[in-house]
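These are review notes on the model shown below, set out point by point. Backbone geometry comes first, then burial, then the ligands.

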Amino acid sequence: MNLEHICIEVCNLSKEVGLFIRTERLSNINIQVEVKGLHDFVTHVDKTSEQKIVDKLSKILPEAGFIAEENTSTKKGDKYNWIIDPLDGTTNFIHGLTPYAISIALKENDEIILGVVYEIGLDEYFYAWKNGGAYLNGNKIQVSDKKEIKNSLVATGFPYYDYKRIKPFLETLEYFMVNSHGVRRLGSAATDLVYVACGRFEAFYEYGLSPWDVAAGAFIVQEAGGKVSDFIGEKNYIFGKEIIACNNLVFDDFLISIKQIMNN
Ligand code: 2AM
Ligand code: CA
């Protein structure tokens with residue numbers, strides 16, 4: 001299987017679907033919103049985009065199955081499965097804000113082998129394939145070389161349904177407000193992750209996320225030289241609903257802080 005070739009095809013289809021998403025945004029002042037659950041919104045744009053992505057990916061790799069946010073296809077592949085978020089950052093999209101992104105990862109058995117995040121607002125496509133490095137619009141990217149949390153820009157997302165851990169989470173905010181360069185909350189986890197990959201952020205953490213929010217971005221961070229784990233330093237960050245992603249130099253200190261505060 002030529003992963004580089006597949007990766008470029010996935011970038012191209014993301015740009016095509018991204019153009020549809022941007023056009024819908026510009027031509028509809030009021031996007032019709034459905035409520036899926038508490039604070040959980042979806043639009044016709046999420047659903048139509050996912051259908052377009054699933055149709056195109058089915059042609060690229062017919063044997064692969066899908067884990068997709070809007071459940072367009074529930075086909076399961078024996079070896080290969082695509083993990084798809086057709087629109088990460090739906091709340092931003094609905095409110096006319098950026099960033100919002102398409103996130104697509106390919107899983108071989110239990111391992112991610114390819115990831116594409118297309119951030120539509122700035123027309124930036126980030127991608128990586130196994131052992132091939134990570135790229136932004138055709139140029140190789142790397143995590144930043146900052147060594148200390150005090151010089152780090154930290155990104156996170158606010159809890160939106162699991163409020164049981166809100167107190168320790170707020171403590172982490174206080175800690176990083178005081179001890180880092182600053183804290184940002186962009187509203188698209190896939191974008192936060194690829195911004196770690198290209199060195200705009202040193203660190204990102206969030207809990208309560210789903211596999212489609214993180215699978216592609218976390219893989220791109222690692223191909224760009226960064227490190228990813230759950231809140232105890234283990235590997236359960238795709239299905240485990242908690243993730244830390246950092247440049248390789250601040251990772252250990254960052255993990256110690258999160259471990260201490262979030263597991264209290
Ligand atoms: P989504 O737009 O694809 O749903 C922001 O913190 C991150 O959490 C985004 O990646 C967003 O992905 C995800 N998320 C999922 N449900 C959310 C919700 N109800 N409110 C805010 N973010 C949500
Ligand atoms: Ca989504």
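1. Asn 109 counts as partly exposed because its relative accessibility is 43%, and partly exposed covers the range between under 20% and over 50%. The residue belongs to the loop between strand 5 and strand 6 (111-119). Its phi is positive, near 50 degrees, and it is a residue other than glycine. Most residues other than glycine have a negative phi. The model is predicted, so these backbone angles are values of a prediction.

2. Asn 71 is a further non-glycine residue with a positive phi, here about 60 degrees. It is placed in the loop between strand 3 and strand 4. With a relative accessibility of 55%, Asn 71 counts as exposed, because the cut-off for exposed is over 50%.

3. The peptide bond between Thr 98 and Pro 99 is cis, with omega about 0 degrees. Most peptide bonds are trans. Pro 99 sits in the loop between helix 3 (90-95) and strand 5 (101-108).

4. Helix 5 (residues 189-197) is mostly covered, as nine of its nine residues are buried. Among them are Ala 189, Asp 192, Leu 193 and Tyr 195. After the helix comes Gly 199, with a positive phi near 90 degrees.

5. Which side chain does Asn 247 contact? The side chain of Asn 247 makes a polar contact with that of Ser 144, at 3.0 Å. Asn 247 is in the loop between strand 14 (242-246) and helix 7 (251-262). Its relative accessible area is 0%, so Asn 247 is buried.

6. Gly 217 is part of helix 6 (residues 211-223). Gly 217 counts as buried because its relative accessibility is 0%. From C-alpha to C-alpha, Gly 217 and Val 54 are 19 Å apart in space, with a separation of 163 residues in sequence.

7. The calcium ion (ligand 2) is coordinated by Glu 69 (OE), by Asp 85 (OD), listed twice, and by Leu 87 (O), at 2.2 to 3.0 Å. Along the chain these donors follow the spacing E-x15-D-x1-L. Distant parts of the chain are linked here: Glu 69 is in the loop between strand 3 (65-68) and strand 4 (80-88), while Leu 87 is in strand 4, 18 residues apart. Glu 69 counts as buried because its relative accessibility is 18%, the cut-off being under 20%. Leu 87 is also buried, with a relative accessible area of 1%.

8. Ligand 1 sits in the largest pocket. Around it are 17 residues, of which His 39, Asp 85, Asp 88, Gly 89 and Glu 206 come nearest. Strand 4 supplies the largest share of this shell, with three residues. Asp 85 thus appears both among the nearest residues to ligand 1 and among those that coordinate the calcium ion (ligand 2).

9. Which polar atoms of the protein face ligand 1 in the listed pairs? A nitrogen atom of ligand 1 is 3.2 Å from an N or O atom in the side chain of Tyr 160. One oxygen pair involves a polar backbone atom of Ala 189, at 3.0 Å. Another involves an N or O atom in the side chain of Glu 206, at 2.7 Å. Taken alone, ligand 1 exposes 460 Å², and the protein buries 91% of that.

Note on methods. Residues are numbered from 1 along each chain as its sequence is written. Chains are lettered from A and ligands numbered from 1 in the order in which they are written. This is a predicted model: local features need pLDDT of at least 70, side-chain atom pairs count only at pLDDT 80 or more; totals for chains, interfaces and linings use all residues. Side-chain values use heavy atoms; hydrogens and water are left out. Donors are N, O and S atoms within 2.8 Å of the metal (3.2 Å for Na, K and Ca); water is not among the atoms, so sites may look incomplete. Helices (H or I, at least four residues) and strands (E, at least two) are DSSP runs, numbered from the N terminus. Buried means under 20% relative accessible area, exposed over 50%, partly exposed in between (1.4 Å probe, protein chains only). A residue is near a molecule or strand if one of its heavy atoms lies within 4 Å of it. A polar contact is a pair of N or O atoms within 3.5 Å; within protein, one must be able to donate a hydrogen and the other to accept it, and residues adjacent in sequence count only if both atoms are side-chain atoms. Accessible areas come from the Shrake-Rupley method with a 1.4 Å probe; for residues, only the protein chains shown count as cover. On a 1 Å grid over the protein atoms alone, a cavity is a set of points where a 1.4 Å probe fits but cannot get out, and a pocket is an open set with protein on both sides within 12 Å along at least five of seven lines; lining residues have an atom within 4 Å of a point. A molecule sits in a cavity or pocket if more than half of its atoms lie within 2 Å of its grid points.
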